[in-house]
Amino acid sequence: MSRRNLLLLKILLFLFALNSVSLFLYFTSNSRTLTPTQTQTQSHHSFSLNRLPLTDQNRRRPHRYSKPWPILPSYLPWSQTTQVPFRSCEAYFGNGFTTRVDLLKPKIDLSSNRMGWFRCWFSETLRSSVCEGGGLRMDPEKIKMSRGGEVLEEVIGRGEEEELPEYQNGAFEINGGDGVGGGGDQRLVTQESLDGYVPKGQIDQHTMRELIGSIRIVPSAEFQCNEWIEEPTLLVTRFEYANLFHTFTDWYSTYVASRVTGLPNRPHLVFLDGHCMTSLEETWKELVSSLRYAKNFSGPVCFRHAILSPLGYETPLFKGLSEDINCHGVSAPDLWQHPDDQKTARISEFGEMIKASFGFPVHRHHTEKPSSGHNVLFVRREDYLAHPRHHGKVESRLSNEQEVFDALKNWVSNHKECKINLVNGLFAHMSMKEQVRAIQDASVIIGAHGAGLTHIVSAMPKTVILEIISSEYKRPHFELIAQWKGLEYHAINLEGSFASTPVVIDRLNGIMKSFGC
């Protein structure tokens with residue numbers, strides 16, 4: 001056999017092996033019956049999907065469409081196992097919620113009615129829980145907060161305290177069956193016992209803890225509902241809801257909670273807050289099956305399966321700012337073949353989830369270099385009205401941003417080695433879908449330290465990040481995200497907020513040389 005034929009044979013064998021691995025990962029990641037652990041996880045939640053008997057008072061809402069989970073190249077199974085090492089990357093970013101705490105176990109009462117149930121899955125690493133329950137009733141009239149969902153201009157000047165929930169007696173109740181006395185104030189849990197699995201920590205107003213602490217157990221005779229929500233539903237309270245970075249922490253938390261509880265489809269969502277609308281709702285609506293504000297319900301509503309996700313402050317995206325999370329991003333196939341407690345593909349998985357939700361392809365592993373050249377995205381900071389208490393002015397973190405942009409534009413126009421497109425990332429005036437598109441099409445992303453850079457979770461694996469950091473904002477948000485995603489990262493640290501244009505151009509020129517430019 002000639003050397004050429006031998007080489008061709010080796011290539012064919014390699015392609016066959018690669019195809020086999022790809023098919024194996026596909027079916028392992030997306031089949032509901034592949035592993036005993038996944039099957040067991042699904043059985044953990046079977047009670048939540050059982051239908052309660054309907055009466056004249058229990059009007060069932062017709063089943064709503066639930067979006068399926070997309071097929072994600074970086075997906076790895078979210079198995080329920082106690083073998084997740086403490087403070088490992090999977091414990092931080094994946095399913096470290098392995099300690100089960102049953103607050104109310106599911107069972108049948110004397111009248112053959114299925115009672116409510118409630119449990120939490122605690123993470124020793126994150127010191128927080130994903131909680132879920134069934135037969136849970138919410139009375140919006142007993143939640144003190146603004147209505148929510150208004151147009152921003154209609155609520156200028158409204159205080160944040162008006163937008164966050166205050167749970168009055170009877171705001172949340174759970175069906176305790178016939179054996180529970182009526183007219184009392186039997187709570188699901190005491191505030192002291194919550195310290196073990198929903199600790200307050202450094203959070204001043206821990207709304208998830210307050211909600212669980214407010215739940216009353218009532219007899220079946222007192223458990224009346226105007227409406228039943230049949231599908232799994234996330235109950236979410238947002239903080240700093242107009243800030244992209246903090247909203248990313250909420251998006252990540254809801255995604256993790258959905259996976260930890262083994263939901264077969266994307267959940268529906270109810271905002272337990274009274275915030276007005278923002279442009280970020282575009283992404284919320286794409287990520288979940290449906291979205292409503294709690295105050296939009298006309299009366300008491302009951303949930304077959306309600307899920308409470310940890311606050312954004314309790315996610316690794318936020319905790320990494322104050323504690324060392326020494327994890328490095330790798331591809332899912334690499335991690336599958338070579339397990340490593342200090343490596344993760346979860347940030348890439350989440351970034352793909354965002355892209356897939358907007359309908360973008362997720363099977364591209366490299367930024368394609370079209371005939372039009374490489375895209376260099378410059379993420380800009382612009383003035384815009386963010387929320388009712390905002391004055392409309394964005395604090396400058398790069399005082400000569402326009403000068404830097406103009407200098408880059410001039411350099412790009414005279415660059416002869418290859419075609420470079422400088423993209424003006426005016427995110428404040430772009431839809432979220434347009435922002436995600438700009439991120440995924442970029443070979444290089446440049447920007448001053450600011451929330452818009454959080455979008456790099458959706459960047460392609462070979463994208464390079466260049467962050468310009470003023471002396472007043474030396475925080476590691478985006479260096480960490482780049483590390484956890486496995487992206488090449490560079491920083492230009494300024495003595496103040498003024499950047500030398502030759503320095504920025506020199507750094508970009510060095511990066512472009514790595515692309516063969």
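**A tour of the aromatic core**

Start by selecting Phe-350: this residue is buried, with a relative accessible area of 1%. Bear in mind that you are looking at a predicted model.

Next, add Tyr-252, which is also buried, at 2% relative accessibility. Turn the view until both rings are clear. Tyr-252 and Phe-350 make an edge-to-face aromatic pair, with 5.1 Å between centres and 85 degrees between planes. Colour the helices and you will see that the pair joins distant parts of the chain: Tyr-252 belongs to helix H8 and Phe-350 to helix H12 (residues 346-357), 98 residues apart.

Now pick Phe-271 and Trp-284, both buried. Their rings also meet edge-to-face, 5.3 Å centre to centre with 85 degrees between the planes. Here strand S11 (residues 268-271) supplies Phe-271, while helix H9 (residues 281-287) supplies Trp-284.

To see how these rings connect, extend the selection to the cluster linked by ring pairs, whose members include Trp-69, Trp-78, Phe-248, Trp-251 and Tyr-293. At Trp-78, show Arg-346 too: its charged end sits over the ring, 4.0 Å from the centre.

Trp-251 deserves a stop of its own. Beyond its sequence neighbours within four places, Trp-251 contacts Leu-244, Leu-280, Thr-283, Trp-284, Leu-287, Phe-350 and Met-432. Together with Ile-445, Trp-251 touches the most other members of the largest nonpolar core, which has 67 residues. Helix H8 (residues 244-260) gives this core its largest share, nine residues. For another core, apart from this one, select Val-198, Ile-217, Leu-272 and Ala-306, which are among its 40 residues.

Finish at Trp-228, where Arg-304 lies over the ring face at 3.8 Å from the centre.

How values were computed. Residues are numbered from 1 along each chain as its sequence is written. This is a predicted model: local features need pLDDT of at least 70, side-chain atom pairs count only at pLDDT 80 or more; totals for chains, interfaces and linings use all residues. Side-chain values use heavy atoms; hydrogens and water are left out. A nonpolar core is a set of buried Ala, Val, Leu, Ile, Met, Phe, Trp, Tyr and Cys residues joined through side-chain atoms within 4.5 Å. Buried means under 20% relative accessible area, exposed over 50%, partly exposed in between (1.4 Å probe, protein chains only). Helices (H or I, at least four residues) and strands (E, at least two) are DSSP runs, numbered from the N terminus. Contact means heavy atoms within 4.5 Å. Rings of Phe, Tyr and Trp (its six-membered ring) pair if their centres lie within 6.5 Å; planes under 30 degrees apart count as stacked, over 60 as edge-to-face and the rest as tilted. A charge sits over a ring if NZ of Lys or CZ of Arg is within 6 Å of the ring centre and within 35 degrees of the ring normal.
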